[in-house]
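Here are my notes for someone opening this structure for the first time. Have a look at it below, then read the points in order.

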Amino acid sequence: MREYERKGLLERVEREAATVGARIPEEIEVQGDPIDLQSFVFEIKRRETVPPGERDRVERAKRNLRRERLERLERIEGNEVSYERGEELAASIIGIDRALEALEGLNAPDPETEAKRQEAADRKRWMSFLKKALGREDAGGGRTRF
């Protein structure tokens, strides 16, 4: 593979919007074992929350995918492969990134917890506004005297 081809593949993989429109691979080999990646991600994503027993499985899958991504990237960086194989690796890395994005989104708090957090933040902003409006606190944080 020529140097400019290798650099082009690496740039494509690291591009921020690389996963836009990318598909999660149906099957991928991770650490020598074939995994039905697309069905795994969709199975986990279709649930509203990840049950505690499944969290370890999801975290393990994410670790394995990150490791596999790094190994594939290093093969391109090290110029160990032909350009054609490099293109295949780049496409698979982008697919892995897409799967990781989908699995990372599962760490968001459940809607009830998020609503409580938002309510507490709103209440704090409201109290701060009221203190300033009633003259109990000026912009510097001290009391205003008339």
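How many helices and strands are there in the protein chain?

1. The protein chain has five helices and two strands (DSSP runs numbered from the N terminus, H or I of at least four residues for a helix, E of at least two for a strand). Read from the N terminus, the order is α-β-β-α-α-α-α. A word on the source: this is a predicted model, where local features need pLDDT of at least 70 and side-chain atom pairs count only at pLDDT 80 or more, while totals for chains, interfaces and linings use all residues. Residues are numbered from 1 along each chain as its sequence is written, and side-chain values use heavy atoms, with hydrogens and water left out.

2. Some overall figures next. Of the 146 residues in the protein chain, 29% are buried (under 20% relative accessible area, with exposed over 50% and partly exposed in between, using a 1.4 Å probe and protein chains only). The accessible surface is about 10,300 Å², and carbon and sulfur atoms hold 48% of it (Shrake-Rupley method, 1.4 Å probe; for residues, only the protein chains shown count as cover). Among contacts (heavy atoms within 4.5 Å) with a separation of 6 or more, 64% join residues 24 or more positions apart.

3. Now the inside. The largest nonpolar core (buried Ala, Val, Leu, Ile, Met, Phe, Trp, Tyr and Cys residues joined through side-chain atoms within 4.5 Å) has 16 residues, and L37, F40, V41, L65 and L103 have the most contacts inside it. At least two residues each come from strand 1 (28–30), helix 2 (37–45), helix 3 (52–77) and helix 4 (83–104). Helix 4 gives the most to this core, five residues. Apart from it lies another core, of nine residues, including V13, L89, A90 and I93.

4. L37 is worth a click. Leaving aside neighbours within four places in sequence, L37 is in contact with I24, P25, E26, E27, I28, L65 and A99.

5. Is R69 buried or exposed? This helix 3 residue counts as buried because its relative accessibility is 16%. Not counting residues up to four places away in sequence, R69 touches V13, E14, I93, I96 and D97.

6. On to the open space. The largest pocket has a volume of about 150 Å³. For the terms, a pocket is an open set of points on a 1 Å grid over the protein atoms alone, where a 1.4 Å probe fits, with protein on both sides within 12 Å along at least five of seven lines; lining residues have an atom within 4 Å of a point. V30, I35, L37, F40, R57, R60, A61, N64 and L65 line this pocket. Helix 2 and helix 3 are the elements that give two or more residues to the lining, and the largest share, five residues, comes from helix 3.

7. I35, one of the lining residues, sits in strand 2 (residues 33–35). I35 counts as partly exposed because its relative accessibility is 31%. Beyond four places in sequence, I35 touches E26, E27, I28 and V30. The C-alpha atoms of I35 and A61 are 9.9 Å apart, with the two positions 26 residues apart along the chain.

8. Last, please check N79, in the loop between helix 3 and helix 4. N79 has a positive phi of about 55° although it is not a glycine. With 33% relative accessibility, N79 counts as partly exposed.

Key:
Grid points are joined across faces, edges and corners, and a volume is the space filled by probe spheres set on the points.
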